[in-house]
Amino acid sequence: MEPGTVVWRDTAQSLLRHKWLIVGCILLGIVGASFYSLSQTTRWTASSQVVIGPAVPPALVGKLPSGTDKTGPLGMDLPAETQARVMSSPTLLREVAKSLDLPTDDDSVQELATATRVKAVTDNAYLVTTDGPTASEAVRRANAISSIYLTQRSNEAKALLTTLAGQAQDRSRTATAQSKSLVSQISEAVARGDTQTAAALRDQRVGLATEARQAADDASAMRKALSGVGSSSQLVSPATSDTAMSSPKVARDILVGAILGLVMGFGLALLSTHLSPYVLTRDQAAKAAGAPVITASVGRRRFGRRAAPQLPLYELTALGAEASGALARRELNPRGIAASGGALLVVSASPTPNSAGIALAMAEASARDGRETVMILADLLGSPVLSQVDDYEGLTDLVVEPPATRAARARKLLRPGTVADLYVLPPGLNQEETAVAVGPSLVPGIVADFPPGYSVVIHGPASVGRHGITPLAAAVDASILVVQVGHDKDMDVTRLTGALAFAGAPVLGVVLIGASQHDETLGIPVNIVAPEPLHAPPPPIR
């Protein structure tokens, strides 16, 4: 399987497993967005559009001398961005507030400026947008801003033209007066017979007369242009009462809240899954044990409990039979351990009442296949799983048996199992500390004494105890690990797996108890990691 498939499957499983957390986050986002939206002040938005033409005819402005004052705050044609800033400036909006009988203090004007947006659509077209507490008030404000700006611009342009016309008229009068003063000087030069000076003065007088006429014509043209000021600037699209409510937008806010809740739910679900130290999915169990999950019980997970509940007998039998079948098909068991003779250890990652039942089911499956099978209950402190087998004598009683007769004594202690060809060696009733400590170390010798062809299934201690798993691991060829959802991946599963591998009993597969049903419904094969092939040890060098 491609690594990307495993990642996407893990992600999907995490989301499905935490579906109620995700739903809760979505509901929380919706509730929060609704509260935020409904607590907002009701505002309406209105827009108007103005087109601004030249304030002062460029032809008239270009004829003025370079030293003439041709500037004005609104009278001249300013850049589009500058015009937009002027329209939304506090200075203009203060006049708007006066015309609308609104408060004109600095805070009120600043609030109006905050609610006003002016955008230069083209070089001479502007879109004025503003907010108001009601639809009609928003319309009044939008139209007032545009109208007052156009009016002030026209007034400034008229004032500028009047000023420029007065300046041109003054220049005409000055030139005329200077021209008249040259008449006497010309007469005096003629009387003296100074024809050269008289000619120069006549030329100067002609120039002054020409300048006076030009200035008079400019003044006349500017006065005539006063009547056309503002004719090319108008409110082309006034705001109407059909405006949009800008706040609150409940549907939009709820949608945003739901999306944020969904994102938060996804994040918390993935964070909880990938940062959790506990086994939650098949893939996590397989990764922690370094072996595939060969069978699993579904829907038995309990939050906050690492101990597995007691599974029904029929479910334990099904799990053991499926695990035994996986080994018999040699899917994960190239050497056919426990399928054609050999010893197999069934051990749990932590105390659980289910591993003994699974071990019994695997032993029964082996016996039903026609193999002589011996089941050794080496969990000396666990509860018996075969009520029909008297537990007054068993493994712990061999502690006091002399080594010479221990093998024969062990075969006499075997009890008939639940099916034909199945024999059981119970733990016994000797609960002395020495017997409990030494009992597991007797298992390798007992297994070695069985004739060839016997299949042996050993149910080991529930976890790695103070005496370790080494004695039992030395008696078997491989092991099956029973893992409960909620076990610690490092402290329970990986630690025990490493101990078994080090002792020579590698884990062939995992029986998972409490798996989520979503592991089964995604339609993607289980992540199987093929184990390393088991090779016989090399012959000793002589």
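Contact here means heavy atoms within 4.5 Å. The model is a predicted one, in which local features need pLDDT of at least 70 and side-chain atom pairs count only at pLDDT 80 or more, while totals for chains, interfaces and linings use all residues. Residues are numbered from 1 along each chain as its sequence is written, and side-chain values use heavy atoms, with hydrogens and water left out.

**Exercise 1.** Place Ser-179 in the fold and list its contacts beyond the neighbours within four places in sequence.

*Solution.* Start with the secondary structure: Ser-179 belongs to helix 7. Helices (H or I, at least four residues) and strands (E, at least two) are DSSP runs, numbered from the N terminus. Next, look at the accessibility: with a relative accessible area of 8%, Ser-179 is buried. Buried means under 20% relative accessible area, exposed over 50%, and partly exposed in between (1.4 Å probe, protein chains only). Finally, the partners of Ser-179 are Arg-205, Leu-208 and Ala-209.

**Exercise 2.** Describe how helix 4 packs on helix 7.

*Solution.* First find the two elements, residues 80–87 for helix 4 and 135–192 for helix 7. Their axes are 10 Å apart, at an angle of about 115 degrees. For these values, axes are lines fitted to C-alpha atoms, for helices over the stretch in contact, and angles run from 0 to 180 degrees between N-to-C directions. Then pick out the residues: helix 4 brings Gln-83, Val-86 and Met-87, and helix 7 brings Ile-145, Tyr-149 and Arg-153.

**Exercise 3.** Compare the settings of Asp-101 and Asp-421, and say whether each is buried, partly exposed or exposed.

*Solution.* Take the backbone to begin with: neither is a glycine, yet phi is positive, about 60 degrees for Asp-101 and about 70 degrees for Asp-421. Now the loops: Asp-101 sits between helix 5 (90–99) and helix 6 (106–114), whereas Asp-421 sits between strand 9 (415–416) and strand 10 (422–425). Last comes accessibility: Asp-101 is exposed because its relative accessibility is 72%, and Asp-421 is partly exposed because its value is 28%.

**Exercise 4.** Find the members of the largest nonpolar core that touch the most other members.

*Solution.* Recall that a nonpolar core is a set of buried Ala, Val, Leu, Ile, Met, Phe, Trp, Tyr and Cys residues joined through side-chain atoms within 4.5 Å. This core has 48 residues, and the ones sought are Ile-376, Leu-395, Val-443, Ile-446, Ile-458 and Leu-512. Apart from this core lies another, of 28 residues, including Leu-319 and Met-362.
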